[in-house]
Amino acid sequence: MSYALITGASKGIGKAIAFELAKHNYNILLTARSAELLAQAAEEIKKQYPVTVNFLPLDLSELNAAQKLFNWCVENNFPVSVLANNAGYGLSGSFEKYSVEETTNLLQLNIIAPTQLCRLFIPLLKQQQQSYILNTCSSSAYQAVPLLTVYAASKAYVLKFTRALKHELADTNISVTCLSPGPTDTDWANRAQVSDKILKMAAKLNMTPQQVAVIGVKAMFKKRTEVVTGFINKLGVFMAWLLPDSLVEKSAGKLYK
Ligand SMILES: NC(=O)c1ccc[n+]([C@@H]2O[C@H](COP(=O)([O-])OP(=O)(O)OC[C@H]3O[C@@H](n4cnc5c(N)ncnc54)[C@H](OP(=O)(O)O)[C@@H]3O)[C@@H](O)[C@H]2O)c1
């Protein structure tokens with residue numbers, strides 16, 4: 001049986017992706033920082049599905065973390081055929097509100113870790129019959145977002161990186177998919193320190209992590225390059241494509257004021 005490796009799998013969308021892949025008979029490899037939540041998620045998955053679940057607590061924003069995760073998989077002979085790069089977080093408010101360290105940490109987790117993991121795992125993924133990379137992006141990737149500046153830009157990188165990689169790997173056994181959720185009911189907004197105004201607005205649009213995971217995994221198996229979750233988020237992406245950038249960016253910025 002093949003293995004699926006999911007980052008940011010202790011809660012939220014990543015945990016839901018892990019359940020969804022277990023439903024599709026994949027053995028599951030979980031990683032995130034919280035050992036306790038990972039152990040709990042592993043137990044819950046094993047109770048529900050006849051699969052093996054292993055986990056590695058790791059801070060993926062640390063230098064060399066991707067290499068440590070890769071080494072763990074190689075040393076344990078896990079034949080990974082799904083790599084789900086999902087760990088990530090946002091920081092809302094003015095760019096200057098956050099220190100250089102805080103900003104760098106976000107970039108490390110949202111950009112460097114998934115890039116390094118793709119680079120490290122592609123040779124392993126090539127050894128399997130059919131492999132998949134699922135990168136969790138965001139609907140915010142489709143336009144610049146003032147006051148969510150670094151996060152939206154980091155996700156724009158994930159989007160462009162995933163699209164290009166899809167082309168590069170077109171003649172291989174690896175399919176690459178970008179999953180772009182809009183507001184989803186997880187701990188994301190809390191860690192991003194978004195205002196009560198945004199929280200109230202998001203609550204009206206929120207999807208559940210399970211809904212997002214089902215859409216993402218389905219798109220991944222269909223070998224789609226990208227999927228935006230939900231009608232409203234799709235409409236937002238379409239408007240961002242249709243309207244002038246300056247107008248879209250101005251109204252996006254007003255949201256986070
Ligand atoms: N929720 C939304 O509205 C939304 C919308 C668009 C895109 N997204 C994207 O969806 C992905 C999942 O987020 P979520 O909404 O599920 O948020 P979440 O509930 O906060 O989950 C984030 C996951 O990432 C892990 N993580 C955070 N920092 C980490 C680090 N330094 N090293 C390793 N793992 C780390 C967390 O576990 P630990 O804390 O245990 O490390 C957790 O498992 C992210 O890439 C996010 O940007 C979310």
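1. In this predicted model, helix α1 lies across four strands, namely β1, β2, β4 and β5 (131–136), and its direction makes an angle of about 170° with that of β1. Helix α4 is placed in a comparable way on another set of strands, for it lies across β4, β5 and β6 (174–180) and runs at about 170° to β4.

2. The strands that these helices cross belong to an open sheet of 7 strands, which follow one another in the order β3-β2-β1-β4-β5-β6-β7 with parallel pairing. Because β3 and β7 (226–228) stand at the edges and have a single partner strand each, one side of each of them is left without a neighbour in the sheet. On average, and with direction ignored, neighbouring strands of the sheet are turned by 15° against each other.

3. Two of the strand pairs can be followed residue by residue in the structure above. Strand β1 (residues 3–7) and strand β4 (residues 80–85) run parallel and are joined by 4 bridges, and in this pair Ile-6 stands opposite Ala-84 in β4. Strand β2 (residues 27–32) pairs with strand β3 (residues 53–57), also in the parallel sense, over 5 bridges, and here Leu-29 is found opposite Asn-54 in β3.

4. The connection within the second of these pairs also deserves a remark, since β2, helix α2 (residues 35–48) and β3 together make a right-handed β-α-β unit.

5. Helix α4 (residues 100–125) also packs against helix α5 (residues 149–168), at an angle of about 10° and with the two axes 10 Å apart; as the angle is under 35 degrees, α4 is therefore roughly parallel to α5. On the α4 side the contact is made by residues including Leu-106, Leu-107, Ile-111 and Pro-114, and on the α5 side by residues including Val-150, Tyr-157, Val-158, Phe-161 and Leu-165. By class, the residues of this contact divide into 11 nonpolar, 4 polar and 1 charged; among the polar ones are Thr-103 and Asn-110 of α4, while the charged one is Lys-155 of α5.

6. The last point concerns the ligand, which has 30 residues around it, and of these Gly-8, Gly-12, Arg-33, Ser-34 and Gly-88 come nearest. The elements that give two or more residues to this shell are α1 (12–23) and α6 (188–191), and the largest share, 3 residues, comes from α1, the helix that also lies across β1, β2, β4 and β5. In its composition the shell divides into 12 nonpolar, 13 polar and 5 charged residues.

How values were computed. Residues numbered from 1 in each chain as written. Predicted model: local features only at pLDDT ≥ 70, side-chain atom pairs only at ≥ 80, totals over all residues. Near = placed C-beta within 6 Å. Pairing = 2+ DSSP bridges. Right-handed = clockwise from strand over helix to strand, strands pointing away. Axes fitted to C-alpha atoms, helices over the stretch in contact; angles between N-to-C directions. Parallel < 35°, antiparallel > 145°, perpendicular 65-115°, else oblique. Contact = placed C-beta atoms within 7 Å.
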